[in-house]
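Colleague: Please take one part of this model and go through it closely: the salt bridges. I would like to know which side chains meet, and whether each partner is buried or exposed.

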Amino acid sequence: MRYFPIILLQSVFTDVDILGNPISSLQPLSAACLGRWTEWTAEEIQLVGRDVTQAQRKILTDAPLEACKNAAAVRAGKEDYQIRTVKDLHGRWRLLYVERWRQTRESN
């Protein structure tokens, strides 16, 4: 199993645009944790459908449960993923159901 560093991100209010809409940016919530991609099972594909499993992914992580619940997104490599659901596996691991945002981060 290959684990890679992930960073949990929170949405932070930064400004208001000319129409009065809030502008927010993603800021790191905690230090880097370990994560790995997991596969969809045949049962999950039957329950939620193939369209969902093509647009969403699952990350297994050792990040603290409270940090996962407070995070809006996760950064894995050069891409940010919006967190849809957090599932506690009652021990060391958490399972994050994530959806990739259309934009990719530029490398610094």
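Modeller: Arg100 is a good place to start, since its relative accessibility of 42% makes it partly exposed, a class lying between buried (under 20% relative accessible area) and exposed (over 50%), computed with a 1.4 Å probe on protein chains only. This is a predicted model, in which local features need pLDDT of at least 70 and side-chain atom pairs count only at pLDDT 80 or more, while totals for chains, interfaces and linings use all residues. Residues are numbered from 1 along each chain as its sequence is written, and side-chain values rest on heavy atoms, with hydrogens and water left out.

The partner of Arg100 is Glu79, and their side chains form a salt bridge with an N to O distance of 3.4 Å. Because Glu79 belongs to strand β6 (residues 79–88) and Arg100 to strand β7 (residues 94–100), this pair ties together parts that are 21 residues apart in sequence; strands here are DSSP runs of E, at least two residues long, numbered from the N terminus. Glu79 itself is buried, at 19% relative accessible area.

A salt bridge here means a side-chain nitrogen of Lys or Arg within 4 Å of a carboxyl oxygen of Asp or Glu, and the structure holds five of them. Another is formed by Asp88 and Arg94, at 3.6 Å from N to O; Asp88 is partly exposed at 26%, whereas Arg94 is buried at 7%. In the bridge between Arg75 and Asp80, the closest N and O atoms are 2.7 Å apart, with Arg75 buried at 16% and Asp80 buried at 8%.

Key
Helices (H or I, at least four residues) and strands (E, at least two) are DSSP runs, numbered from the N terminus.
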